[in-house]
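User: I'd like to go through this one and ask how the labels are earned. Can you start with the terms?

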Amino acid sequence: MQMGQQVEPVSQSLQMNIWKCENERHQCGKMIEHNAAIPRCRAYLRDHKKVTERKTTYLTWHRIIKNADNVKAATTYARPQNCIRDGKLVDSASSAEPYIAISYVWDTRPSFKEWEGRRVTEQALHIADRLSKHTSYALWIDAICIDQDNEPVKMVELAKMADIYRGATAVLCLVPEIDQTTSRVIEHGTGMMDLDGFRALEQAGDTHGMYMFASQGSNEVLHKVFSSRWWTRAWTFQEAVLNRATFLVGETEDTIPISDVLRISHPISRRAATQKKENLLGQLSSFWDSVYSMSDAMKVYMPLGTAMSSVWRRQSTVVHDMAYSLLGVCRLETITPDYRLPVEKVFVDLVDKASSKGDFSWLRWSHLVDRNAACEGMSMVPVPATVLATPASAITEWRSVEVPRMTVVRGGAIGVCIPHRSTGVIRWQSQLEDIKGTINILQKLSYGPEDIWNLLFGLHVGLACDVDRAVGGSGLAQALLNLATGYVDGTFKLGDSEDDLVGDKPYTRGYGFTAYASMAAKVWRNAQLVVMRSQGGTTVVPAHSGTGQARLHRLPVESHRKTCLCLVVHDSTKFRASASGVMVENDHAGSGSWQFTRFS
């Protein structure tokens, strides 16, 4: 940032208006700050004034690069074959010259023209001409620098896409909706998140208050920014997260660090996931889930399961790209893109390669697979459509468990190799029941509210301990169950002002669990469930077609509290899974040694 023109102060009356407060007649609700209850709007106005008085604005991208000291090209990454500089194609593979990589969305109906012996889009040439006016650096723009008609060369370049973005001096993400007003709003929102008011709300788990502070009362500018097509494309996810010097750039070169945009998306995503309305700022909760998870992808490595929850809420023209566009963030570049392969083979190869590297996080999505409709080899393999259909990812982080290397693999010739440990034969299972009937069964089996919640909602919403942590409460499982079942059977019909704590009541630490209960109510609304118990543990899974004797297997995925995922496999179809879910393990019950099976 730089010192610049002061942002026009917004009147106090207008700021009060976002809370619908008039003078001292408060409708904003209260928050706890320094052990005292104060109106949210009062803390907001205080912090709003502090941020406004900072008088800071963002530098444009070309000034940031110009001011950087001793810019050198990265030497540890594969380089692009070509770049464009001064309107000409240049050899980049044999050069150490720094370059800037461009991320953008192709026109829906691109116009091509012959240029330098290859077919390129007029859109890309226009971008190159515009950006070159502000820098002498070479540019990498895919529609120019990759020969679109030379398939072998194209596959080689696609395979090193992640390195091309990692090795760039900077990455410019062209988002036409970015302008000077947008920059001011984003800069102001991140400033609000740095101050005491937002921190107090965050500590209390006050999702509504956090959202209002960061978004400045659902500012319409944010609606405009996040409505851009750029956010919806599969490839732009990877392009935006592999290089820390990444910026969103508007048509007049207004610039915002993407890290600031992603930071603001966090309180928006949590609010979207926990409110009863279907969308927020014009987007579904699944969209906000995808956007915020981009900040996780900026780390050295992103588990495949997390990447699926992000990229697979986006779109691509070719289905294969839903796999190939996440190879870089998951460090799976040894997979070479091949668009001639059947798409089922592409997804099987993706999860198989991740598993071979010890990443089993993708198994968190296997419970969504329709095994009756899945083709041979796909009974455990999640696909983009199933992930896209879920409203939001659970707040629990599921992690891979280290397993010993094994060379003996059981199973058929096709499918996915998965390690598992048997917890024994299913000794008892219930009749099919709806959600309330299933809860009654689990209570009769002496399971407590936390275990019941975890079995039913751990994969879809999050484990009870993680909900406790998210809302700043403790021991909320019974209240969660009561409210969720009340929503399902119509006993409770809370209005938004009560459910989401928007009204004038003081904010009560831990009371925000109500929103997670409303999420849970949507999970099994019309489903029939079965409780299955082995010597080692218990699970609850949807009705399935498996018959005869079955076994319950522990999978190599668990939460930070060691709650694990499991697999139901019937002996009659022992190389094809029947169902998967959360398992509550029995105390002091052991399990067999790890085995490798190729499940079809």
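Analyst: Sure. Buried means under 20% relative accessible area, exposed over 50%, and partly exposed in between, using a 1.4 Å probe and protein chains only. This is a predicted model, where local features need pLDDT of at least 70 and side-chain atom pairs count only at pLDDT 80 or more, while totals for chains, interfaces and linings use all residues. Residues are numbered from 1 along each chain as its sequence is written, and side-chain values use heavy atoms, with hydrogens and water left out.

User: Why is Cys564 called buried?

Analyst: Its relative accessible area is 0%, and the cut-off is under 20%, so Cys564 counts as buried. Cys330 gets the label too, at 2%.

User: What keeps Cys564 and Cys566 from being called a disulfide?

Analyst: A disulfide is a pair of cysteine sulfur atoms within 2.5 Å. The sulfur of Cys564 is 6.5 Å from the closest one, in Cys566, so that is too far for a bond. For Cys330, the closest cysteine sulfur is in Cys173, 18 Å away, also too far. The structure holds zero disulfides.

User: What makes helix α10 largely enclosed?

Analyst: Helices are DSSP runs (H or I, at least four residues), numbered from the N terminus. Nine of the nine residues of α10 (residues 207-215) are buried, so the rest of the structure largely encloses this helix. Among them are His208, Met210, Tyr211 and Phe213. Just after α10, Gln216 takes a positive phi of about 55°.

Notes. Helix = DSSP H or I, 4+ residues; strand = E, 2+ residues; numbered from the N terminus.
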